[in-house]
Amino acid sequence: GIEKDLWIQGIRESESTALLESEIDEGMLCVDIGANIGYYALKESVLAGEDGKVLAIEPLPESFERLQQNLEMNDTGEVETVNAAITGKDSTCEMLVREDRNVSRVMTDDERRKYREVETVESKKLEDIIEEAPDFIRMDLEGFEAELIQQIVEIDSQELKMFAEVHPEKMNEVY
């Protein structure tokens, strides 16, 4: 997974990293949904600088713990963390949890009958956790992107930049 790539290559997804670096400016408010262990949240924090802020959202408790450890070890400034999945309601939801945790995702009703690797996590609506309109949103939701885009459309942001890792094959499974 991510940690192996970083250990061996020192970078994760070089093209995505370069694109992210070209789009974030000093002072931006960045929201990282599906932050995992914090690779992109750390990059966003450095790029947004002291005048910027990052909101890193990760639903899985084990990954969230690693995210917080990585942020602490790297002495990041303005990074706020939220341990929740972003769904259409403030409640709980079930996530399909895989051994390679960066491919875990929120489950649909049909999937609940198929899989046993399930973890219940807190869920929130995006509008309930962001306090101001972000300048940049990065998301990696393993097939749940379409669900979240519906919430992003409602955000009042004039020049929102969005970076979405899209998984069409998983979206086909889900939808």
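In this predicted model, the side chains of Lys124 and Glu122 are joined by a polar contact of 3.1 Å. Lys124 belongs to strand E7, which covers residues 118-124. With a relative accessible area of 22%, Lys124 is partly exposed; the cut-off for buried is under 20%. Once residues up to four places away in sequence are set aside, Lys124 touches Ala84, Ala85, Ile86, Thr87, Lys89, Asp90 and Ile129. A further distance worth checking on screen is that from Lys124 to Cys93: their C-alpha atoms are separated by 9.4 Å, with the two positions 31 residues apart along the chain.

It helps to place this strand in the whole chain. The secondary structure comprises 7 helices and 9 strands, and 46% of the 175 residues count as buried. Among contacts between residues at least 6 apart in sequence, 69% join residues at least 24 apart. The exposed area of the protein chain is about 9700 Å², of which carbon and sulfur atoms supply 43%.

Charged pairs come next. Side chains of opposite charge can pair when their charged atoms come close. The whole structure contains 6 salt bridges. One of them joins Asp32 and Arg138, at 2.8 Å from N to O. Because Asp32 sits in strand E1 (residues 29-33) and Arg138 in strand E8 (residues 136-140), this pair ties together parts that are 106 residues apart in sequence. Both partners are buried: Asp32 has a relative accessible area of 0%, and Arg138 has a relative accessibility of 2%.

Another salt bridge links Glu80 with Lys53, at 3.2 Å from N to O. Glu80 is part of strand E3 (residues 79-82) and Lys53 of strand E2 (residues 53-57), so parts that are 27 residues apart in sequence are tied together here. In this pair Glu80 is partly exposed at 32% relative accessibility, and Lys53 is partly exposed with a relative accessible area of 26%. Lys125 also forms a salt bridge, with Glu127, where the closest N and O atoms are 3.2 Å apart. Lys125 is partly exposed, its relative accessible area being 27%, and Glu127 counts as partly exposed at 47% relative accessibility.

Glu44 offers an interesting counterpoint. This residue, found in helix H3 (residues 39-48), is buried yet has no salt bridge. The nearest side chain of opposite charge is that of Arg138, 4.0 Å away. Beyond neighbours within four places in sequence, Glu44 is in contact with Leu20, Ile24, Cys30, Asp32, Val54, Phe136 and Arg138. The contacts of Glu44 thus include Asp32 and Arg138, the two residues whose side chains meet in the salt bridge of 2.8 Å.

Two nonpolar sites complete the picture. Leu71, in helix H4 (residues 61-73), counts as buried because its relative accessibility is 7%. Leaving out neighbours within four places in sequence, Leu71 is in contact with Leu42, Thr76, Val79 and Thr81. The C-alpha atoms of Leu71 and Gly38 are separated by 7.1 Å, although these residues are 33 apart along the chain.

Val153, by contrast, counts as exposed, at 64% relative accessibility. Val153 is found in the loop between helix H6 (145-152) and strand E9 (161-165). Together with Ile149 and Met162, Val153 forms a nonpolar patch on the surface, and the three residues have about 270 Å² of accessible area together.

Key:
Residues are numbered from 1 along each chain as its sequence is written. This is a predicted model: local features need pLDDT of at least 70, side-chain atom pairs count only at pLDDT 80 or more; totals for chains, interfaces and linings use all residues. Side-chain values use heavy atoms; hydrogens and water are left out. Helices (H or I, at least four residues) and strands (E, at least two) are DSSP runs, numbered from the N terminus. Buried means under 20% relative accessible area, exposed over 50%, partly exposed in between (1.4 Å probe, protein chains only). Contact means heavy atoms within 4.5 Å. Accessible areas come from the Shrake-Rupley method with a 1.4 Å probe; for residues, only the protein chains shown count as cover. Lys and Arg count as positive and Asp and Glu as negative; His and the chain ends are not counted. Patches are made of residues with over 30% relative accessible area and no salt bridge: like charges are joined within 9 Å, nonpolar side chains (Val, Leu, Ile, Met, Phe, Trp, Tyr) within 5 Å. A polar contact is a pair of N or O atoms within 3.5 Å; within protein, one must be able to donate a hydrogen and the other to accept it, and residues adjacent in sequence count only if both atoms are side-chain atoms.
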